[in-house]
Amino acid sequence: MMLEIQDMHAFYGKSHILQGVTMNIQEGEIVALLGRNGVGRSTTCKAIMGEVTPRGSVRFKGQEIAGRKAFEIANLGIGYVPENRDIFPGLTTRQNLTLGLKPGQKDGAGRWSMQDMFNLFSNLDERADVEASVLSGGEQQMLTMCRTLMGDPDLVMIDEPTEGLSPQMVQRVADLLQEIARRGIATLLVEQKLAIAMDIAHRVYVMGHGQVVFEGTPEELRQRDDVRKEWLEV
């Protein structure tokens with residue numbers, strides 16, 4: 001098992017945000033984490049990554065990581081793409097990608113190379129030597145995801161990657177997520193667009209009030225009108 005979470009709790013001050021989250025992800029699996037805004041999906045990623053201190057058990061490749069620092073967790077092989085398109089605007093596209101490499105790691109030594117990124121996204125290739133600040137929102141999202149992959153993670157967590165993107169860019173994100181899975185990398189996808197998540201995920205978790213309220217396949221969720229109406233539909 002790539003990631004196993006048991007009874008995970010997290011707090012912001014006195015606010016009890018995560019209330020006993022349990023889930024797992026296998027190698028090469030795309031798992032979608034669904035739910036309305038404010039139910040704890042992003043906090044789940046931050047707790048796994050060590051940006052929020054969790055209570056409970058978080059095991060990555062059999063090793064307990066709850067309570068570790070974020071940089072230690074990253075070095076173990078977890079990549080995190082936050083929803084704020086965290087780029088370095090004053091650096092070029094190429095320089096941003098290079099910063100994704102781990103200390104001592106050479107380009108192409110892992111499952112991804114810079115040329116892979118340029119082959120997948122010709123827009124980034126064409127703008128390789130321009131400052132990232134002039135990229136479109138969709139291109140910045142692609143850059144953030146690609147930079148994370150340059151570190152060759154075994155698990156990547158991606159928070160709202162299609163937010164504000166055009167339909168064409170949304171499809172490119174979906175294609176990349178499927179390519180990630182083909183290369184044996186596990187993915188935890190936080191996504192608001194139900195159709196995209198249901199189309200590419202192997203399994204889904206639905207969250208409500210800081211807890212997992214449904215676990216199953218996309219097909220099983222399609223058959224649960226009660227779950228969709230109570231926890232997903234606006």
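What volume does the second largest pocket have? The second largest pocket comes to about 170 Å³. The model behind these close-up views is predicted.

**View 1. The second largest pocket and its lining.** A run of neighbours contributes here: Asn-37, Gly-38, Val-39, Gly-40, Arg-41, Ser-42 and Thr-43 are among the lining residues. Glu-83, Glu-160, Glu-163 and Gln-192 complete the lining. By class, six lining residues are polar, four are charged and one is nonpolar. Two of the residues named here, Arg-41 and Glu-160, return in later views.

**View 2. The largest pocket lies between two domains.** Its volume is about 500 Å³. The lining counts 24 residues, and those closest to the pocket centre are Ala-74, Gly-79, Tyr-80, Gly-100 and Thr-148. Both domain 1 (1-23 + 40-79 + 202-216) and domain 2 (93-152) give residues to the lining, so the largest pocket sits between them. Three elements each supply at least two lining residues: α2 (70-76), β6 (78-81) and α6 (137-150). Of the contributing elements, α2 gives the most, with four residues. The class make-up of this lining is twelve nonpolar, seven polar and five charged residues.

**View 3. Helix α1 is largely enclosed.** The helix spans residues 41-49. Eight of its nine residues are buried, so the rest of the structure largely encloses α1. The buried set is Arg-41, Ser-42, Thr-43, Thr-44, Cys-45, Ala-47, Ile-48 and Met-49. Of these, Arg-41, Ser-42 and Thr-43 also line the second largest pocket. Gly-50 follows the helix, with a positive phi near 85°.

**View 4. Arg-203 and Glu-29 form a salt bridge between distant parts of the chain.** The N to O distance is 2.6 Å. Arg-203 belongs to strand β9 (residues 203-208). Glu-29 sits in the loop between β2 (15-25) and β3 (30-34). The two residues are 174 residues apart. Is Arg-203 buried or exposed? Arg-203 counts as buried, because its relative accessibility is 12% and the limit for buried is under 20%. Glu-29 is also buried, at 9% relative accessible area.

**View 5. Asp-154 and Lys-61 meet in a salt bridge.** Their closest N and O atoms are 2.7 Å apart. Asp-154 is in the loop between α6 and β7 (155-159), and Lys-61 is in the loop between β4 (55-60) and β5 (63-64), so the pair ties together parts 93 residues apart in sequence. Asp-154 counts as buried at 18% relative accessibility. Lys-61 is partly exposed, with a relative accessible area of 44%. The pair belongs to a wider network of salt bridges that links Lys-61, Arg-111, Asp-152 and Asp-154. Across the model, the salt bridge count is 15.

**View 6. Strands β1, β4 and β5 and the hairpin turn at Lys-61.** Strand β1 (residues 3-12) pairs with β4 in the antiparallel sense, over five bridges. Ile-5 has Val-58 of β4 as its bridge partner. The pairing of β4 with β5 is antiparallel as well, over two bridges. Here Arg-59 has Glu-64 of β5 as its partner. Together β4 and β5 make a hairpin with two residues between the strands. What is the phi of Lys-61 in the turn? Lys-61 has a positive phi of about 50°, although Lys-61 is not a glycine. Most residues other than glycine have a negative phi.

**View 7. Glu-160 has a positive phi in a loop.** Its phi is near 50°, and the residue is not a glycine. Glu-160 is placed in the loop between β7 and α7. With a relative accessible area of 6%, Glu-160 is buried. Glu-160 also lines the second largest pocket.

**View 8. Arg-182 and Glu-179 form a salt bridge within helix α7.** The N to O distance is 2.9 Å. Helix α7 covers residues 167-182. Why are the two residues separated by about one helical turn? Arg-182 and Glu-179 are three residues apart in the helix, which means a separation of about one turn. Their accessibility differs: Arg-182 is exposed, with a relative accessible area of 60%, whereas Glu-179 is buried at 17%.

Technical notes:
Residues numbered from 1 in each chain as written. Predicted model: local features only at pLDDT ≥ 70, side-chain atom pairs only at ≥ 80, totals over all residues. Heavy atoms only, no water. 1 Å grid on protein atoms, 1.4 Å probe; cavity = no way out; pocket = protein on both sides within 12 Å on 5 of 7 lines; lining within 4 Å. Points joined across faces, edges and corners; volume = space filled by probe spheres on them. Nonpolar A, V, L, I, M, F, W, Y, C, P; charged D, E, K, R; others polar. Domains from an automatic or database assignment. Salt bridge = Lys/Arg side-chain N within 4 Å of Asp/Glu carboxyl O. Buried < 20%, exposed > 50% of the residue type's maximum accessible area, 1.4 Å probe, protein only. Pairing = 2+ DSSP bridges.
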